[in-house]
Amino acid sequence: MVDVILGLQWGDEGKGKIADFLSPSYDVVARFQGGPNAGHSLEMNGIKHVLNTIPSGIFHPECINLIGNGVVIDPVRLREEIMRTETAGASVRENLHISRKAHLILPCHKLLDAASEAARGENKIGSTLRGIAPTYRDKSGRSGIRIGDIFLNDFERKYKETHFRSMALVQQYLYTDFDLNQLEEEFFTAVEYLREFKFVESEYFINNLIGQGKRVLAEGAQGSMLDIDFGSYPFVTSSNTISGGVCTGLGIAPKKINKVKGIFKAYCTRVGGGPFPTELNDKTGELLRKIGNEYGATTGRPRRTGWIDLVSLKYAIMLNGVDELIMMKSDVLSGFEEVLAATAYKVDGVRTTQIPFEVCEAIIEPVYESHKGWSEDLTGIRDFKNLPKSFKNYIEFVNQSLEAKICLLSVGPDREQTIVMA
Ligand code: GDP
Ligand code: IMO
Ligand code: MG
């Protein structure tokens with residue numbers, strides 16, 4: 001049985017916190033797509049940990065953590081992450097398993113990401129510069145390298161082929177701002193380091209575990225609105241972030257998927273370029289950024305902020321087949337006199353509840369519904385019945401608008417600051 005937790009907005013919804021919170025109910029936590037563009041924050045006993053490629057079950061000693069075939073791995077960053085996570089007390093060597101079929105991010109992929117972003121100028125995607133798009137491009141172009149290749153005799157030949165092909169493109173961009181020797185030295189040192197870890201034929205590994213009745217939590221990265229097919233293309237990431245990606249990113253059949261848990265913030269954020277209909281470029285937006293501490297966990301970039309967008313949430317719920325909703329960062333909205341929620345758009349003046357194809361080009365104006373705010377601090381509340389009335393009304397409104405039910409509520413970054421709804 002496989003349950004899924006994934007983001008319904010533009011990433012950074014709080015997937016790491018909730019995957020960690022839910023881990024005791026699962027035997028396996030598995031990442032199925034993305035790579036070190038992800039930054040998943042976990043907070044426990046007052047200490048914050050950020051994971052990029054390692055699944056968020058790693059702090060639970062009984063939990064198997066799997067990096068699936070759909071993930072792209074930067075050995076340099078994974079090595080650093082393993083060292084830091086081990087220092088924080090996790091048993092990474094024992095509990096981390098890596099799919100041999102996961103593709104490798106090479107130094108040339110990172111350079112190509114930087115070069116193509118620089119060339120786009122004003123129109124840049126705002127990528128995390130982790131080499132994600134060039135690596136997935138080589139994967140679908142059938143010229144990528146998989147991490148299992150590091151054990152094969154022709155690894156060096158494969159590396160050189162991919163490297164020189166990409167470097168020719170880097171040169172075309174006239175991009176020269178790098179020290180290749182240093183990047184390659186770090187890369188090969190990290191590859192050697194990773195050799196000692198547990199590599200698996202992950203599709204057999206996970207299907208065997210499922211066959212033994214083990215419970216698996218598939219942990220998404222990024223968010224549904226950054227999906228390569230359904231996000232605001234081209235301002236997206238390069239993988240399928242939606243529940244469909246679980247099957248291809250882990251090698252499991254659709255019928256093995258049980259519950260899909262969709263996670264969203266009580267408002268909205270986005271990092272990087274692309275449309276964001278409810279964005280607030282004003283004092284309220286600044287306040288949301290400040291109170292919500294909206295700065296990227298991976299890159300430290302300030303996140304764009306805005307009111308909750310029920311039109312895109314409904315779209316994401318449809319795409320993913322969401323069974324349960326999880327609402328995060330409700331505490332951040334305390335103190336706002338009114339809380340707005342977009343229930344429709346006006347696209348070039350015409351009202352709609354659908355996301356238009358020309359989402360990147362059209363002028364989209366959100367149609368808002370206003371709700372009375374609440375002033376009470378929510379961060380210490382652990383029981384639904386103690387929540388302020390106007391906040392309960394807001395939850396009810398969101399449930400009804402989305403035709404789904406909020407089952408978990410987060411009122412702070414710590415593991416403990418989580419309310420299970422009856
Ligand atoms: P992820 O990428 O989906 O795992 O999310 P991130 O870790 O990038 O971003 C979520 C941020 O919000 C992190 O800094 C979390 O520590 C923090 N966070 C998570 N849940 C809550 C919450 O309910 N309230 C507040 N104030 N912060 C939260
Ligand atoms: P988590 O898992 C938020 C965004 C980037 C950029 C676009 C493409 O922490 O939620 P990429 O590096 O993937 O080529 O960048 O996607 N992006 C994220 N935004 N959270 C993430 O991950 C993201 N991963 C990528 O900012 O706009
Ligand atoms: Mg994040």
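**From the magnesium site to helix H7**

Asp12 has a relative accessible area of 21% and is therefore partly exposed, a class that lies between buried (under 20% relative accessible area) and exposed (over 50%), computed with a 1.4 Å probe on protein chains only. The model is predicted, so that local features need pLDDT of at least 70 and side-chain atom pairs count only at pLDDT 80 or more, while totals for chains, interfaces and linings use all residues. Residues are numbered from 1 along each chain as its sequence is written, chains are lettered from A and ligands numbered from 1 in the order in which they are written, and side-chain values use heavy atoms, with hydrogens and water left out.

Asp12 (OD) and Gly39 (O) are the protein donors of the magnesium ion (ligand 3), at 2.0 to 2.2 Å from it. Donors are N, O and S atoms within 2.8 Å of the metal (3.2 Å for Na, K and Ca); water is not among the atoms, so sites may look incomplete. The pair joins distant parts of the chain, 27 residues apart: Asp12 belongs to the loop between strand S1 (2-7) and helix H1 (15-22), and Gly39 to the loop between strand S2 (28-31) and strand S3 (40-44). Helices (H or I, at least four residues) and strands (E, at least two) are DSSP runs, numbered from the N terminus. Gly39, with 11% relative accessibility, counts as buried.

Asp12 is also among the closest of the 21 residues that surround ligand 2, together with Lys15, His40, Thr128 and Thr237; a residue is included if one of its heavy atoms lies within 4 Å. Polar contacts (pairs of N or O atoms within 3.5 Å; within protein, one must be able to donate a hydrogen and the other to accept it, and residues adjacent in sequence count only if both atoms are side-chain atoms) reach oxygen atoms of ligand 2 from a polar side-chain atom of Thr128 at 2.5 Å and from the side chain of Asn37 at 2.9 Å. The protein covers 98% of the 550 Å² of accessible area that ligand 2 has on its own, by the Shrake-Rupley method with a 1.4 Å probe.

Helix H6 holds Ser166, which is buried at 4% relative accessibility. Leaving aside residues up to four places away in sequence, Ser166 touches Cys108, His109, Leu112 and Asp138, contact meaning heavy atoms within 4.5 Å.

Helix H6 (155-172) is also one of the elements against which the buried residues of H7 pack. Those residues are Glu184, Phe187, Ala190, Val191, Tyr193 and Leu194.
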